[in-house]
Amino acid sequence: MKNALLFILFFCPGILLACQNPEIGKEHNSNKVYYINTQKDFDKWSNFLFPEGSKVLFAAGESFAGQFILRGSGTAEKPNRAATYSKTTGEISAGWTDNKAIINGEGKVASTILLKNGAFWTINNLEVTNTNGSDEDQGDIVGIRVIAENLGLVENISIINCYVHQVNGKVGGKKTGGIHVNVLGETKKTKFTNLKIENNVVAHVGGVGISNQSSWGNITADDYYPWTNFVIRKNRVEHTGRNGIIVRYALKPLVEYNVLAYNSRFDTGHSVFNFNTVDCIVQYNEAYGNTSNNPDHIDHGGFDADYNSRGTIIQYNYSHDNNWFCGIMRKPYNTDITIRYNVSQNELLGAYLYGFPWTRGVSKVKIYNNTHYFGKGKGNRVFVAAGKERVPIETTFQNNIFYFEDPAEWGFNP
C-alpha cells in the first residue's frame, strides 16, 4: 500500500493536486468557458471576475432577466468574449444571427449589460432590452454600458452584431439610450483605445442611440486625454428619443457607413454630432426622418459639426427628409470644418443651420462640392431660421449645387 501511494505521488502528481483543488477539471475553470443556459446560470456568473481567455456564452433563443456584469480583462493573446452560442451544435455565432440570446433589464437596472474596468473584451450577438413596458421615463438607463474608472489606458473593446431595443419609454435626454461608453473618475487619466462599435441595430430607445462620455475630455483643458482608434461603423440607429450617434473626446474618431433613421422623436438633436474631438471624420452615412412639426425647433438635421472641435470633416454622406442637412455651431474652438461631397435631398426646411447665433467663435469653415435638391413642396431656403436669426459666418462656400423646384431664398444673406 505504501509503495502504491509513493508511485501515485511520484508519477501522477496531478491526482494529488486535483484532490487539493476540486475546481481543477471543471469546465468553467479548465477551459474558461462559462455557459449561461438558465436564469440560475445567469445569476451565478454575473459579476464574476472572468480571467483572461474567458468565453461567456449565452444560449441562443433563451431569455434572461436582470443585469449581467462582466468583470476582469483579457489580453492581446487571450481576449475575452461574451456571445450567443447554439446549445445544439456548440457553435459560437460570429457574424450576425437573428437567433440571439435575449437579456431583459425590465427597466429596473442602470444597464442590462455592464462591462466595468475590463480590457480586451468582445460583446457579440446579444439581444438587449431595458424597459418596464410603459412609455414613462424610467430614469438614466441604457441597454449596454461600458465603464472605465481611474484605470489608465483601456484597450480593445468591441461591441458588434448586438440588437438593442425597447430601452426606457418615450423620453429624450442624453443619459439614457442604447449603447453608451463612459470614462469616469478624476484621480487617474483614463481613455479607451481600439474601441469598435460595429454592425449593431439600436431601435426604439429613449435618449441617444450610441454615445460616449469622459471626465478627461475637455479639449480646452491641459488634461485633455482623447480616445484613439475609436470607430462607429455600419450600425443602424432608428427611432431614438434624441440623437442617433454622439461622438466625443476623441482624436481622429471615425463614424462611417451608419444608417440614422427617425431620430430625436421626443427631444431636439441632430442625428450625428461630434464634440470635443480633433480631426473627426463622418462619412458614408445615411440620415433621414429627423423632423419636427414646429419649424422653430432647433437641431433636427442629419449632421452637426458641434463646437469644441477642430478639424471636423463631414463628407460623402446622404441626408434626406430631415428638417435640414447640416448644423454648424458658431461657438469658440469650433475651427477647421470641412463639409464636402455630400448629397442632400428633400429636406423640409432648408440646407444649413448655424447654431448658437449669439456667439461668433467659429472659424475656417469650408463648404464645397455638395449637391442639394429640393422637390416640390420641400424646403425653400439655403440657411434655416429655426426660431432665431442665424446668419452664416466665417464660411467659404464654393462649387455647391442648390436646386429648388419652388421659388427659394438665401434665408439670411451670408
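A pocket, as used here, is an open set of grid points where a 1.4 Å probe fits, with protein on both sides within 12 Å along at least five of seven lines, and its lining residues have an atom within 4 Å of a point. With that in hand, let's walk through this predicted model.

The largest pocket is lined by 21 residues, and Lys174, Asp299, Asp306, Met329 and Phe356 are the ones nearest its centre. The space inside comes to about 360 Å³. By character, the lining splits into eight nonpolar, five polar and eight charged residues.

Next, the nonpolar interior. The largest core holds 74 residues, and Phe58, Leu70, Phe192 and Tyr352 have the most contacts inside it. A second core lies apart from that one and has seven residues, including Val208, Ile246, Phe275 and Met329. Met329 therefore appears twice in this account: among the residues nearest the pocket centre and in a nonpolar core, a set of buried residues by definition.

What does Phe58 touch, leaving aside residues up to four places away in sequence? Its partners include the aromatic residues Phe42, Phe64, Phe68 and Tyr85, along with Ile36, Ile103 and Leu126.

Finally, two asparagines deserve a look for their backbone angles.

| Residue | Phi | Location | Relative accessible area |
|---|---|---|---|
| Asn229 | near 50° | strand S17 (residues 227–233) | 48% |
| Asn308 | near 60° | loop between strand S26 (301–305) and strand S27 (313–315) | 10% |

Asn229 has a positive phi although it is not glycine, and Asn308 likewise. Asn308 counts as buried because its 10% relative accessibility falls under the 20% cut-off, whereas Asn229 is partly exposed.

How values were computed
Residues numbered from 1 in each chain as written. Predicted model: local features only at pLDDT ≥ 70, side-chain atom pairs only at ≥ 80, totals over all residues. Heavy atoms only, no water. 1 Å grid on protein atoms, 1.4 Å probe; cavity = no way out; pocket = protein on both sides within 12 Å on 5 of 7 lines; lining within 4 Å. Points joined across faces, edges and corners; volume = space filled by probe spheres on them. Nonpolar A, V, L, I, M, F, W, Y, C, P; charged D, E, K, R; others polar. Core = buried A, V, L, I, M, F, W, Y, C linked by side-chain atoms within 4.5 Å. Buried < 20%, exposed > 50% of the residue type's maximum accessible area, 1.4 Å probe, protein only. Contact = heavy atoms within 4.5 Å. Helix = DSSP H or I, 4+ residues; strand = E, 2+ residues; numbered from the N terminus.
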